[in-house]
Amino acid sequence: MPSPTYTLVQTYEWGDQELWHCDLYRLEQPDDAYELGLIDAMGEAILLLEWPDRLGSLCPADALSVDLAFDGPGRIATLRGWEGRHV
């Protein structure tokens with residue numbers, strides 16, 4: 001799945017769910033998320049957000065986070081926000 005760097009948002013159908021892949025690097029201010037429909041989509045779809053810090057206080061407090069770090073030829077994924085969830 002390529003990054004939607006130029007379009008900011010790319011949507012996909014994933015079974016009976018809609019998945020939004022968003023690259024927020026070029027978001028100028030958090031309120032721009034309303035124009036993209038991100039705030040409405042948060043309650044309806046699965047959102048994968050690159051640069052979620054660009055949302056500021058609009059980023060949900062219960063968001064799950066995946067941090068990737070290089071480790072030689074591979075990567076290490078650190079998951080945050082899974083505590084207490086039954087996934």
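This report walks through the predicted model shown above, from the overall layout down to a few single residues.

## The overall layout

Let's start with the big picture. The protein chain contains 2 helices and 5 strands. Reading from the N terminus, you meet these elements in the order β-β-α-α-β-β-β. The chain has 87 residues, and 20% of them count as buried. About 6600 Å² of the protein chain is exposed, with carbon and sulfur atoms supplying 53% of that area.

How much of the contact list links residues that sit 24 or more positions apart? Take the contacts in the protein chain with a separation of 6 or more: 37% of them come from residues at 24 or more positions.

## The sheet

Now for the strands. Three of them, in the order β1-β2-β3, make an open sheet with mixed pairing. β1 (9–14) and β3 are the edge strands, and each has a single partner strand, so one side of each has no neighbour in the sheet. From one strand to the next, the twist averages 15°.

What holds such strands together? Strands of a sheet pair through backbone hydrogen bonds, and they can do this either parallel or antiparallel. You can find both kinds here. β1 and β2 run antiparallel and are joined by 6 bridges, while β2 (residues 17–23) and β3 run parallel and are joined by 5 bridges.

Here are some of the bridge partners, in case you want to find them in the structure:

| Residue | Bridge partner | Strand of the partner |
|---|---|---|
| T11 | W20 | β2 |
| E13 | E18 | β2 |
| L19 | I46 | β3 |
| D23 | E50 | β3 |

β1 and β2 also form a hairpin, with 2 residues between them. In that turn, G15 has a positive phi of about 65°.

Is β2 largely enclosed or open? Of the 7 residues of β2, 5 are buried, so the rest of the structure largely encloses this strand.

## An unusual backbone angle at W51

Next, take a look at W51, which lies in the loop between β3 and β4. W51 has a positive phi of about 60°, although it is not a glycine. Why point that out? Because most residues other than glycine have a negative phi.

Is W51 buried, exposed or something in between? Its relative accessible area is 42%, so W51 counts as partly exposed. If you leave aside the neighbours within four places in sequence, W51 is in contact with D23, L24 and Y25. W51 and L24 are 27 residues apart along the chain, yet their C-alpha atoms are separated by 5.4 Å. One of those contacts, D23, also turned up in the table, where E50 in β3 is its bridge partner.

## A salt bridge between β4 and β5

How many salt bridges are there? The count comes to 1 salt bridge. The side chains of R80 and D67 form it, with 2.8 Å from N to O. R80 belongs to strand β5 (residues 74–80) and D67 to strand β4, so this pair ties together parts that are 13 residues apart in sequence.

Both ends can be described by their accessibility. R80 counts as partly exposed because its relative accessibility is 45%. D67 is also partly exposed, because its value is 33%.

## A nonpolar patch

Finally, there is a patch on the surface to look for. Which residues form this nonpolar patch? They are L64, V66, L68, L79 and W82, and together they have about 480 Å² of accessible area.

One of them, L64, has its place in the loop between β3 (46–50) and β4 (65–71). That is the loop where W51 lies as well. L64 has 40% relative accessibility, so it counts as partly exposed.

Note on methods
Residues numbered from 1 in each chain as written. Predicted model: local features only at pLDDT ≥ 70, side-chain atom pairs only at ≥ 80, totals over all residues. Heavy atoms only, no water. Patch = residues over 30% accessible without salt bridge, like charges linked within 9 Å, V, L, I, M, F, W, Y side chains within 5 Å. Areas by Shrake-Rupley, 256 points an atom, 1.4 Å probe, with all protein chains shown as cover. Salt bridge = Lys/Arg side-chain N within 4 Å of Asp/Glu carboxyl O. Helix = DSSP H or I, 4+ residues; strand = E, 2+ residues; numbered from the N terminus. Buried < 20%, exposed > 50% of the residue type's maximum accessible area, 1.4 Å probe, protein only. Pairing = 2+ DSSP bridges. Axes fitted to C-alpha atoms, helices over the stretch in contact; angles between N-to-C directions. Contact = heavy atoms within 4.5 Å.
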